[in-house]
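Biologist: Please take one part of this model and look at it closely, going slowly enough that I can follow each step on the screen. I would like to know what lies around that part and how its neighbours are arranged.

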Amino acid sequence: MHSSKSLELTLAILKPHIVKSPFALKNIHNIIIQNEFKVVRTRKSLITHEEASKFYAEHINKFFYNRLLTFMCSGPSLIHILARHNAINTWRQLMGPTKVYVAQLSAPNTIRGTFGLSDTRNATHGSDSQDSAEREIAIFFKDFDIKKWYADEEMYFNTGQVKFDFVSFVHNIAKNTDIYK
Ligand code: CDP
Ligand code: MG
């Protein structure tokens with residue numbers, strides 16, 4: 001789809017129990033920045049039942065589907081579009097295994113190993129493929145045009161011509177300026 005030198009986009013969600021916990025939230029945001037992700041969009045939102053059912057449609061017949069939707073709609077989440085080389089796998093590696101007890105035992109230093117509370121309240125979401133990332137971004141950022149972003153903005157993010165805004169937790173394009181990290 002895009003050349004291997006292009007940045008890859010992924011959708012990250014910091015689930016409701018993380019947004020309620022300033023310590024966990026700060027730690028996970030630090031992990032994002034320390035691992036050189038660029039934050040393309042940030043949205044804090046109480047996910048609607050309609051959005052959650054679209055988002056988790058593949059799990060509709062699973063035993064955990066109802067508890068998952070109830071949890072995801074229980075309070076605001078932070079939803080980020082992240083850009084990086086190999087963003088999808090890198091973010092999933094940082095998150096660790098889906099199941100929290102597996103994460104705690106086999107990957108205790110991952111995000112889920114550290115901040116997960118249960119198999120449902122496992123701290124974060126990350127897209128599992130480029131197709132999933134596109135589908136998921138379209139659900140939560142309806143006005144975000146991926147093709148247009150690659151055509152008009154990717155090069156600024158890829159060459160570091162962006163400036164990080166800590167307050168809104170987003171990188172903004174900073175054209176014709178000195179080096180911004
Ligand atoms: O999030 P991930 O892609 O790692 O896992 P998934 O298999 O796509 O499951 C989606 C979400 O369902 C998980 O992140 C958990 O929040 C939830 N889940 C659950 O509540 N109970 C399980 N046994 C497995 C997953
Ligand atoms: Mg999944």
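**A close look at strand 1**

Modeller: Ala12 is a good place to begin, since in this pairing it stands opposite Gly126, a residue of strand 4. Please keep in mind throughout that the model is a predicted one. Strand 4, which covers residues 124-126, runs antiparallel to strand 1, and 3 bridges hold the pairing. Strand 1 also pairs with strand 3 (residues 77-84), again in the antiparallel sense, and here 7 bridges join the two. Two of the facing pairs can be picked out by name: Glu8 has Arg84 of strand 3 opposite it, and the bridge partner of Thr10 in strand 3 is Leu82.

If you now step back to the sheet, you will find that it is open and has 4 strands, paired antiparallel in the order 2-3-1-4. The edges are formed by strand 2 (38-45) and strand 4, each of which pairs on one side only. From one strand to the next, the twist averages 20 degrees.

Next, consider the two faces of strand 1. In a regular strand, side chains alternate between the two faces of the sheet. Glu8, Thr10, Ala12 and Leu14 lie on one side of strand 1, with Leu9, Leu11 and Ile13 on the other, and every one of these residues is buried, so that both faces are covered. Because 7 of the 7 residues in this strand (residues 8-14) have under 20% relative accessible area, the strand is largely enclosed by the rest of the structure.

What, then, lies over the sheet? Helix 2 (residues 22-34) lies across strand 1, strand 2, strand 3 and strand 4, and it runs at about 15 degrees to strand 3. Helix 5 (residues 87-95) also packs on the sheet, where it touches strand 1, strand 3 and strand 4, and its direction makes about 30 degrees with that of strand 1. The buried residues of helix 5 are Ala87, Ile88, Thr90, Trp91 and Met95, and what covers them includes strand 1, strand 3 and strand 4 together with helix 2, helix 7 (111-115) and helix 8 (130-140). Just after helix 5 comes Gly96, which takes a positive phi of about 90 degrees.

The neighbouring strand 3 offers one residue worth pausing on, namely Ser77. Ser77 counts as buried because its relative accessibility is 0%. Apart from neighbours within four places in sequence, Ser77 is in contact with Ile13 and Leu14, and also with Lys15, Pro16, Val19, Arg43, Lys44, Ser45, Ile47 and Met72.

Lys15, one of those contacts of Ser77, leads on to ligand 1. Of the 14 residues around ligand 1, those that come nearest are Lys15, His59, Thr98, Thr120 and Asn122. An N or O atom in the side chain of Lys15 is 2.9 Å from an oxygen atom of ligand 1. For His59, a polar side-chain atom lies 2.9 Å from an oxygen atom of ligand 1, and a polar side-chain atom of Asn122 likewise lies 2.9 Å from an oxygen atom of this ligand. On its own, ligand 1 has 510 Å² of accessible area, and the protein covers 88% of it.

Terms used
Residues numbered from 1 in each chain as written. Chains lettered and ligands numbered in written order. Predicted model: local features only at pLDDT ≥ 70, side-chain atom pairs only at ≥ 80, totals over all residues. Heavy atoms only, no water. Buried < 20%, exposed > 50% of the residue type's maximum accessible area, 1.4 Å probe, protein only. Pairing = 2+ DSSP bridges. Contact = heavy atoms within 4.5 Å. Near = heavy atom within 4 Å. Polar contact = N/O pair within 3.5 Å; in protein donor to acceptor, adjacent residues only side chain to side chain. Areas by Shrake-Rupley, 256 points an atom, 1.4 Å probe, with all protein chains shown as cover. Axes fitted to C-alpha atoms, helices over the stretch in contact; angles between N-to-C directions.
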